[in-house]
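Let's take a walk through this structure, stopping at two residues and then at the cores. Have the sequence and the 3D view open as you read.

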Amino acid sequence: MAVDSKFQCMDIDVKIKKFTWRIQNFSSLEVKKLYSEVFTVDGYKWRVLIFPKGNNVDHLSIYLDVADSATLPYGWTKYAQVGLGVIDQFDRETSSTKVTHHCFNARQADWGFTSFLRLTELHDPKRGYLLNDACLVEVYVCTDKTLDFISHEFIVKTDWDELKAKEADCVKAVIDNQKTPTTKPVEITPPSPTQSSSQTVAIEPEESAEEDMNTFFTSLESELSSSRIVYSKEEAKEALAKINEALNTTPVNLNDSGKFSPLKQAFMILASFDGSSTTLTIDQKNELLGLDERLKELANRAAKAVQDKDQLTAKESIKRTMTCNLESSLIRYKEVETEVKQVDQILAALREEVEEAQKRKEKMLAERKGIYRSCKEMKMELDALGKELAECEATAKVGEEEEKSVEAEWGRIKDFISSIEAKI
């Protein structure tokens, strides 16, 4: 079956490559799996593999595949950081994205996500995943192990300036199309001695330009009104349930789950919902639209506070281990020192065994010197660790205060959402 698709490549920078795959008539695809065109990154040939109806799951399945793995030399491996995205063509920031790292090899030549995006959500007409039945898949590939900045934010922001430029061009084209003069220009012959009677100057009446602007904005208002999505009460309740579910988790767990994209959509639904009993003010709607970023900030702050506390615990554990090792070495040092004295006594009493005893002495002295060096190094590390520990304690204290602040703000938001819930 022939598939109508378009594949484009673009260098984000020297280290990261971006590839865009637009698949037309997506809902009509009958194939179980579909490969993109082959593209090259760092000398390796890659391709995108998708299962339009899911790889034995009710999700869209997407993988990155090494196209020529069967012909590569024995024992080959290749590291790559991969970002995969199915773009919401209504709102790019709510696109479904996932990021992974993998060392590709002969046994694992493809890597990705079997459960990437629910098929029900993919085919939801209120989402922009299949605009005009076209699915837009993006893949970002970086083979440099020292870099690690492919993320959801990186993917959705990559084409932001380009999209803004295209949007401006579209608006300009609409304005140009709306400008249909209703009055012919007035020809005036200025009384200038340097201009002959046949020369004229064309002046467009101000009334015509004013009418063009009114026509354009009237048409624009009509288009926006017709395209505005109306959400039902059930959808508002479902959005509220998602928000409550997120708020009933801890900020740290919410940060680890990465479930911010559904929350943004939920806040948008609540802010846009107009019910007969809804009395949300403009300020409340604006606050709802900003809560997505606010929750992200709080979750990041909470995660940072926990990370600081964990770092203190780790440093304390290292200190205990090193202290124990140092004490054991000190005991051994004293044992060896005693043995050396015993050997000296043996040398004085048994001259015939001087040569053998001398060798034993030299060996033990070398061991003692090694222990001394080792202890000296460990003592220096222990002193340095003491300084780091003081800094960590201060950071942990700040983290505890930050955690309390987050919990207080978190509770305020829960109370606020509860008040909103009572109105819906």
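## Serine 61

Serine 61 sits in strand β6, which covers residues 59–66 (strands are DSSP runs of E, at least two residues; helices are runs of H or I, at least four; both are numbered from the N terminus). This is a predicted model, where local features need pLDDT of at least 70, side-chain atom pairs count only at pLDDT 80 or more, and totals for chains, interfaces and linings use all residues. Residues are numbered from 1 along each chain as its sequence is written, and side-chain values use heavy atoms, leaving out hydrogens and water.

Is serine 61 buried or exposed? Its relative accessibility is 0%, so serine 61 counts as buried (under 20% relative accessible area is buried, over 50% exposed, in between partly exposed, with a 1.4 Å probe and protein chains only). Setting aside neighbours within four places in sequence, serine 61 is in contact (heavy atoms within 4.5 Å) with residues including Leu49, Phe51 and Phe113. A polar atom of its side chain lies 2.9 Å from the backbone nitrogen of asparagine 55.

## Leucine 389

Now hop over to helix α9 (residues 354–423), home of leucine 389. Leucine 389 has 9% relative accessibility, so leucine 389 counts as buried too. Beyond neighbours within four places in sequence, leucine 389 is in contact with Leu312, Lys315, Glu316 and Lys319.

## The cores

The largest nonpolar core (buried Ala, Val, Leu, Ile, Met, Phe, Trp, Tyr and Cys residues joined through side-chain atoms within 4.5 Å) has 34 residues. Phe26, Phe39, Trp46, Val86, Leu122 and Val139 touch the most other members. Among the elements giving two or more residues to this core are β5 (44–51), β6 and α1 (119–122).

A second, separate core has 29 residues, including Leu240 and Trp410.

Notes:
Polar contact = N/O pair within 3.5 Å; in protein donor to acceptor, adjacent residues only side chain to side chain.
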